[in-house]
Amino acid sequence: MRQRVIAHQFGQATAAADALAAAFRIPNLLQNLFGEGALSASLIPEYTKLRAAGRHDEAHRLAGAIAGLLSLVVTVVVALGVLAAPAVIDLLAPGFGSERRDLAIRLVRIILPGVGLLTLSAWCLGILNSHRKFFLSYAAPVGWNAAIIVATLWGATREGDPDRLVVWTAWGAAAGSLLQLLLQLPRVWKLLGGIRLSFDRYAPGADRVLRNFVPAALSRGAVQVSTFVDGIVASFLPLGSVAALTNAQLLYTLPVSLFGMSVAAAELPELSETAGHDRPDPAGARAGALRQRVATASGHVAFFIIPSVVAFLAFGHLIAGVVLRSGAFTQEDTLWVWGTLAGATVGLLAATLGRLYASAHFALGDTRTPLRCAVARVTTGVTLGVTAAWGLPALFGVSAHWGTAGLTLGSGIAGWVEFSLLRRSLGRQVGAIATDWPRLVRLWAAAVLAAAAGWLVLASIDRGWIVDLAALGLYGLLYIVLTMVFGVPTVAAIRQRFGSKG
C-alpha cells in the first residue's frame, strides 16, 4: 500500500522517484548493519541461552548493556551520515544530475535520524523473539508504513510539485520510525521488568554478542554492497532505472520477508536451544535434532516460495500492475518492473533458504561462515550484474533501460552460490541435510499447472484489473488444491494446526 501510494504520486521515470529510492538506500544500510539481521544473530542465541539456564537477571542485564552500547554507536553513525550526506550520495548515485542529487541529499538528512530509532526497534525485536513473542515485532512496521502513507496523501493536498511532495514522504518515514519503536517498547518493558540501559561490556554474554555482532553485521553489509553497486550502475542507465530497480526489489523481498525471514526468525531461538553450541554432544543427538529442524523448516519455506517464483515469472506484469499501477505509473513502467523482477526471481528460493541456513550457523555460534558466503555472493553478483547490465541490452538490441534486468539476474545467480556454500558448511558441522526431492517435484508441478490455468483465464477474457485479480486468485487457489491432491505434508500440517485452533 505504501509503495502504491508513492508510485501513484511520483511515477517511476521522474527525478523525485529516483531521489527517494536512492535516499532510502543509506538508511537501509544502517538498519541492516546494526538492526534486525546482525543484532538477532548475535543477541538472540546468548540471551536465549541465559534464559534457558534460568539466569533471568543476567539476561536482563545483557539486554540493557546491548541497548546502551547500540544507542551510542548508532547516534554517532547517524550524526556522521547527516554531515556526510553529499559525499555519500555522490558515491552511491554518481550518475545523478544536480537536481536529483540535491533532492536526494535533502531526503537523506530527513530520513536518516529515524533509522537510529529503527535500530532500537530491532533490539526490541530481538528481545521479543527470544521470548517467542513474534507478532508485535513484525506488526509494528505497519505503523512506519502508515505514517509514510498519511504524510504523502496529506502532502498531496497541499503540494503540486513532486519535488516538494517527496519531502513530506521523507518526514513521514522519520515519524514512522518513532511510531514503530513506541509500539514495541511497552511490551519489552514488561518482559524485562524495566529497561536498564548501560554501557557494561562485561555483562554476562556481552563479549560474545559483540564478538559475533561484527561478522554478522559485515555479512549483512556485504549483501548491501551488491545492492549499492546495482544502484550505482542504475544511476547511469536511463531516467527511472533506480526507481524501477527499487520497485522490483520491493516485490522480490515481499516473499523473502513473509516466508524466508519469518521462518528463520521463528526458528533462531529454537535452533539456539537445540544446538547448545557451548556444550558437548558426544552422541550427536543435538546435531540430529538441528538437522531435522532445518529440513522441516526448509520444506515450509519451499511450499510458499516455489509458487512465488512461478507467480513472478508468469504473472509479474499483473502483480506489478495491481500493486503499483496508478496515477503517474504507466503500463510501460509495469512491464519494466516485470522484466527487472524476473531476473531477481531466479535466485528467490536460494535467498530464502539462505536465511534459514544462516540462522542455523548463528545458533551454532558461527557468524563468520555466513560472512564468507556473503562475500562470495557479492563478488559473484557484482561481476555478473555489472557485465549483464551493460552487455545484454547491446547483445539483444534492446533499450538500455533493460539493463536493470541484467543487474537483478546477476544477483539471482549469486544467491545460489551463497546458498550452496552455506548448505555445504552446515553439512560439515551437523551432517548432511537431506533434500526431499519428491516434495519439491510436487510443489513445482502444482505451481506450473496452476499458472497454466491462470493464463487460460487471461487468454479467454478481455483484460482488466478485475480479470487480473481473478487470474491471480485462481492461481493461488489451484495451487493449494493441487498440493492437497498431491499429498504435500505442509498442507496437512497447516490444516491440522488450524483445525486444532478450532
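Visitor: How many nonpolar, polar and charged residues are in the lining of the largest cavity?

Guide: By class, that lining holds five nonpolar residues, one polar residue and one charged residue; please keep in mind while we talk that this is a predicted model.

Visitor: Which residues are they, then, the ones that line the largest cavity?

Guide: The lining of the largest cavity is made by Ala-22, Arg-25, Ile-89, Leu-92, Ala-93, Gly-231 and Val-242. Two elements, helix H2 (15-34) and helix H5 (85-92), give two or more residues each to that lining.

Visitor: And what volume does the largest cavity have?

Guide: Its volume is about 50 Å³, and the count of cavities of 30 Å³ or more comes to one. As for how such spaces are found, rolling a probe the size of a water molecule over the atoms shows where empty space is left.

Visitor: Let's go to pockets. What is the volume of the second largest pocket?

Guide: The second largest pocket has a volume of about 480 Å³. Its lining takes in 23 residues, and those that lie nearest its centre are Ser-298, Ala-434, Thr-435, Asp-436 and Leu-440.

Visitor: Which helix gives the largest share of that lining?

Guide: The largest share comes from H12, which gives seven residues to the lining of the second largest pocket. The elements that give two or more residues there are helix H12 (285-324), helix H14 (348-363), H16, helix H17 (437-460) and helix H19 (489-501).

Visitor: How does the lining of this pocket divide into nonpolar, polar and charged?

Guide: For the second largest pocket, the lining residues divide into 13 nonpolar, seven polar and three charged.

Visitor: New topic: how many salt bridges are there in the whole structure?

Guide: A search of the whole structure finds 13 salt bridges. The general idea is that side chains of opposite charge can pair when their charged atoms come close.

Visitor: Could you walk me through one? What does Lys-49 form a salt bridge with?

Guide: Lys-49 is paired with Glu-46, and the closest N and O atoms of the two are 3.2 Å apart. Both residues belong to helix H3 (residues 36-52), where they are three residues apart and therefore separated by about one helical turn.

Visitor: Is Glu-46 buried or exposed?

Guide: Glu-46 counts as buried because its relative accessibility is 2%, whereas Lys-49, at 23% relative accessibility, counts as partly exposed.

Visitor: Which residues are linked with those two in a network?

Guide: Arg-208 joins them, so to speak, in that Glu-46, Lys-49 and Arg-208 are linked in a network of salt bridges.

Visitor: What about Arg-377, where is the residue that meets it in a salt bridge?

Guide: The side chain of Arg-377 meets that of Glu-418 in a salt bridge of 2.9 Å, N to O. The pair links distant parts of the chain, with Arg-377 in helix H15 (residues 368-396) and Glu-418 in helix H16 (residues 403-430), 41 residues apart. Glu-418 counts as buried, with 10% relative accessibility.

Visitor: And Glu-159, what does its side chain meet?

Guide: The side chain of Glu-159 meets that of Arg-164 in a salt bridge of 2.8 Å, N to O. Glu-159 counts as partly exposed at 22% relative accessibility, and Arg-164 is also partly exposed, with a relative accessible area of 45%.

Visitor: On to the surface: which residues make the nonpolar patch?

Guide: Leu-72, Val-73, Val-76, Leu-80 and Phe-199 make a nonpolar surface patch of about 480 Å². Val-76 lies in helix H4 (residues 56-83) and is partly exposed, with a relative accessible area of 45%. Leu-80 has its place in helix H4 as well, and Leu-80 counts as exposed because its relative accessibility is 52%.

Visitor: How far is Leu-80 from Ser-272?

Guide: The C-alpha atoms of Leu-80 and Ser-272 are separated by 35 Å, and the two residues are 192 residues apart along the chain.

Visitor: One last thing, what is the phi of Arg-132?

Guide: Arg-132 has a positive phi of about 60 degrees although it is not a glycine. Arg-132 is found in the loop between helix H6 (98-130) and helix H7 (135-139), and at 26% relative accessibility Arg-132 counts as partly exposed.

Notes: Residues are numbered from 1 along each chain as its sequence is written. This is a predicted model: local features need pLDDT of at least 70, side-chain atom pairs count only at pLDDT 80 or more; totals for chains, interfaces and linings use all residues. Side-chain values use heavy atoms; hydrogens and water are left out. Patches are made of residues with over 30% relative accessible area and no salt bridge: like charges are joined within 9 Å, nonpolar side chains (Val, Leu, Ile, Met, Phe, Trp, Tyr) within 5 Å. Accessible areas come from the Shrake-Rupley method with a 1.4 Å probe; for residues, only the protein chains shown count as cover. A salt bridge is a side-chain nitrogen of Lys or Arg within 4 Å of a carboxyl oxygen of Asp or Glu. Helices (H or I, at least four residues) and strands (E, at least two) are DSSP runs, numbered from the N terminus. Buried means under 20% relative accessible area, exposed over 50%, partly exposed in between (1.4 Å probe, protein chains only). On a 1 Å grid over the protein atoms alone, a cavity is a set of points where a 1.4 Å probe fits but cannot get out, and a pocket is an open set with protein on both sides within 12 Å along at least five of seven lines; lining residues have an atom within 4 Å of a point. Grid points are joined across faces, edges and corners, and a volume is the space filled by probe spheres set on the points. Ala, Val, Leu, Ile, Met, Phe, Trp, Tyr, Cys and Pro count as nonpolar, Asp, Glu, Lys and Arg as charged, and the others, Gly among them, as polar.
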